[in-house]
Amino acid sequence: MSFIEAKNVYYRYPQAEKDALCGVSFAVEKGEYLAVIGHNGSGKSTLARLLNGLLQPTEGEIAVDGISSADKSRLFELRRRVGVVFQNPDNQLIASVVEDDVAFGPENIGLKREEIKERIDFALAAVGMEEYRKAMPSRLSGGQKQRVAIAGVLAIRPDVLVLDESTAMLDPRGRREVTDVVKKLNRENGMTVLAVTHYMDEVCDADRVLVLSDGAAVMEGTPREIFSQKEKLQKYELDVPVPMRIAELLKEGGMPLKEIFTKEELGEELCRLLRKI
Amino acid sequence: MKDVSFGQYYPVSSFVHRMDPRVKILLSIAYIVAVFLIREFHFFGFLAAFLFILIAAFAARVPFLKVVKSIKGIIFFIVFSSVLQILFNHEGTVLAAWWVIEITDVGLLRAAFITLRITLIVMGTALLTLTTTPVEIADGLESLLTPLKWVKFPVHEFALIMSIALRFIPTLMDETERIINAQKARGADFESGNVFKRIRALVPILIPLLLSSFRRADELGDAMDARCYSGAKGRTKYKKMRPTWRDLVGTLFMAALIAGVVLLNGVLGVAV
C-alpha cells in the first residue's frame, strides 16, 4: 500500500449541485513530490482539505499512512502526519511573535518545553528564518510569513507537507523563497510533498504531476510527460511553463533549439547556440 | 501602517522590562490601591507616589516625558472632574459666589486632590504598558486567571482570544487602509459633510471589513485545526514565566511605597 492513497474519492460541498471531486484516485510514495494542477474550480483545493480530514469524502476513501480521513477517532493522528500550509499567510499565523507561532503546533500535541524549543530551532532553520525568531509576523514580507507558516507545520514533524496554493498570494520573490524551501525539504530531508498550485513553473520541481479538471483526474505523469502534451493541456485550460513557451517561439522563429523544459536548460541551450555564432 | 505598534510599548531592555509580567500586573494593582490609600488632603503621600514613579521610570529606562505624556488621553476627564468639584462643592469657607455657584477652599483642595490622584494612577499604569508588550500582558493575565478554572471560567480560550485579537490588529489596520483607498478610488468622500454624513460614509468601510474578518476567522480556524489544535486539554505551554530577584526588588519597593503612604497619612495633613 502506498503512503498516500486515494481510491475513487468523491466530494460534494453541502448545498452544492455538482461534485467538487468525482472519482479521483492516485497514490503517493514516501519521499515523493507530487504536484496537483488544474484551473480554478477543478477541485484541487478540496483535495488538500480531504487529506488531513478538514473534509471527509462523501464516497470513496483517502488515507495517509493507513489512516483514513473518514475515521474521526484518528483525526488527531492524521493531522500529526499531514501538515497543511494554506494560501493566505496572514490568516494562518496565530501568535504575534514568530517563535510563539511556531510553538503553537507542538504545544497542541502536548510536548515538553525543551522538546518544543528544539523543534522551533529545527523548523526555523529548515526554512531559513532563524534570525527572525523574535520578530513580529506583521513586519515580515509575504514570502517570509509563508516560510514561518511552513515552519509552524514542520514543528509538528509531519510525514507529508501539503501546500494548498501556498504561493498564490506572493510576489515572485516570495514565491521563489517558498518553492526553494519546499524543494530543499523534499530533496534533503526526504519530506513527502503534495503541492497544489496553478503556477506551471513550480510543477517542474515535482517528481510527478496530477492534472485535475472539473473534479476528475485527467492526466498523470512526470512533468516532462505532461508538458509534452501541449494540446491536451490547453483543453484543460492549462499552459506550459514559460521557458518552454519561449523555446517554442524561438523555434518557430527558426532557431535550432533542442527540447527545452526548465529555465536552466533554456539558458544553457541559448549559451551553446551563442558560442557557435 | 506597517510599523504601527499597538499600545505604547517602549522597546528597550531594562530592569523593569525584564520583570515577570504577572508581578508587574499585580504591582500595578497594588500601586493603584496605594494611591487610593492616601488620605484626603495628605498631599505628601502624592509626593511619595511621584517619587516612586520617577525612580521606576529611571529603572525602566523610559524617558520621564513619555510617562507624563500618557495623561494626554484623559486630560479632558481630569479637567471635567476638577471643574465639577470647584463649582459644586459647598463645604468650607466660601471664597467667591455667583448664582448657585460657590467656590470654596475645600472645593479647590478637592479638585487638586482628584487631579493628582488620577494623574498619578494613570502615570503608574502607563509604566506597565510602556514596559510590557500586549502579548506579555495577555500571557500574564492568563496565568493570573488560572485559579478561575475552578469556577469553570474558560481561561485558556479567553487568553487565546486576546492574543489572536492582538495579532490581528496590524493586519486589520492594513486592510482598513486598503479598503479606504479602494473606496476613495471609487469616489467615496470621507472628509466633507456634517458628523452624520461622515459617520454614514464609514459604512462602506465597515461592511467589507466585517465580511473579510469572517472569512479570515474561517481560514484561521482551518489553519488551527490543521495544526492539531483541540482546545486546552492535553496542551502544554512553551513560554514559562518565572519571577526573579528583580521581581523581589520591585515588590519590596512597592511595599516601601505603601508603608510610606500609610505613615504619611498619620502626619502632615492639610487640616480643614
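Start in chain A and select β6, β7, β8, β3, β9 and β10: in that order, these six strands make an open sheet with mixed pairing. Keep in mind as you click around that this is a predicted model. Colour β6 (82-85) and β10 (216-221) of chain A separately, since they are the edge strands, each pairing on one side only. Look along the sheet and you'll see how the strands turn: neighbours are rotated by 20 degrees against each other on average, direction ignored.

**Inside the six-stranded sheet**

Next, pick out β3 (residues 33-37) and β8 (residues 192-197) of chain A. They run parallel and are joined by five bridges. For a landmark on that pair, show A:Leu34, which stands opposite A:Leu194 in β8(A).

Now bring in the helices. Select α1 (residues 44-51) of chain A, which packs on the sheet and touches β3, β6, β7 (160-164), β8 and β9 (208-213) of chain A. Its direction makes about 150 degrees with that of β8(A). Then add α5 (residues 142-154) of chain A, another helix packed on the sheet, this one touching β6 and β7 of chain A. The direction of α5(A) makes about 165 degrees with that of β6(A).

While you're there, zoom in on the β6 edge. Four bridges tie β6(A) to β7(A), and the two run parallel. A:Val82 has A:Val160 as its bridge partner in β7(A). Turn on the side chains of the strand: A:Val82 and A:Val84 point one way from β6(A), A:Gly83 and A:Val85 point the other way, and all are buried.

**Into the core**

Which residues have the most contacts inside the largest nonpolar core? Select A:Val36 and A:Ala151; the core around them has 89 residues. Among the elements, α5(A) gives the most to this core, with six residues. Domain 1 (31-52 + 72-239) and domain 2 (241-277) of chain A both contribute residues, so the core lies between them.

Stay on A:Val36 and show its surroundings. Leaving aside neighbours within four places in sequence, A:Val36 is in contact with A:Lys44, A:Leu47, A:Leu194, A:Ala195, A:Val196, A:Leu210 and A:Leu212. Apart from this core lies another, of 26 residues, and you can find it by selecting B:Met19, B:Val35, B:Leu130 and B:Leu257, which are among its members.

**Where the two domains of chain A meet**

Colour chain A by its domain assignment, with domain 1 as 31-52 + 72-239 and domain 2 as 241-277. Taken over C-alpha atoms, the centres of the two domains of chain A are 31 Å apart. Each domain gives five residues to the contact between them. On the domain 1 side, select α7 (200-203) and α8 (223-227) of chain A, the elements that give two or more residues. That side of domain 1 divides into three nonpolar, no polar and two charged residues.

**The four-stranded sheet**

Still in chain A, select β2, β1, β4 and β5: an open sheet in that order, with antiparallel pairing. Its edge strands are β2 (21-28) and β5 (67-68) of chain A.

Focus on β1 (residues 4-11) and β4 (residues 59-64) of chain A, an antiparallel pair joined by five bridges. You can check the register at two places: A:Ile4 stands opposite A:Val64, and A:Tyr10 has A:Glu59 as its bridge partner.

From β4(A), follow the chain to β5(A). The pair is antiparallel and held by two bridges, with A:Ser68 as the partner of A:Ala63. Together they form a hairpin with two residues between the strands, and A:Asp65 in the turn has a positive phi of about 50 degrees.

**Over to chain B**

Show both chains and select their contact: 27 residues from chain B and 33 residues from chain A. On the side of chain B, α7 (155-185) and α9 (203-226) of chain B are the elements that give two or more residues. Put α9(B) in a bright colour, as this helix gives the most, with eight residues. By class, that side of chain B has eleven nonpolar, five polar and eleven charged residues.

One last stop: is B:Lys197 buried or exposed? Find B:Lys197 in helix α8 (residues 195-201) of chain B. B:Lys197 has 11 C-beta neighbours inside 10 Å, so it counts as exposed. Finish by drawing a distance from B:Lys197 to B:Val155: their C-alpha atoms are separated by 42 Å, and the two are 42 residues apart along the chain.

Note on methods. Residues numbered from 1 in each chain as written. Chains lettered and ligands numbered in written order. Predicted model: local features only at pLDDT ≥ 70, side-chain atom pairs only at ≥ 80, totals over all residues. Contact = placed C-beta atoms within 7 Å. Nonpolar A, V, L, I, M, F, W, Y, C, P; charged D, E, K, R; others polar. Pairing = 2+ DSSP bridges. Axes fitted to C-alpha atoms, helices over the stretch in contact; angles between N-to-C directions. Core = buried A, V, L, I, M, F, W, Y, C linked by C-beta atoms within 7 Å. Buried ≥ 20, exposed ≤ 12 C-beta atoms within 10 Å, placed from the backbone. Domains from an automatic or database assignment.
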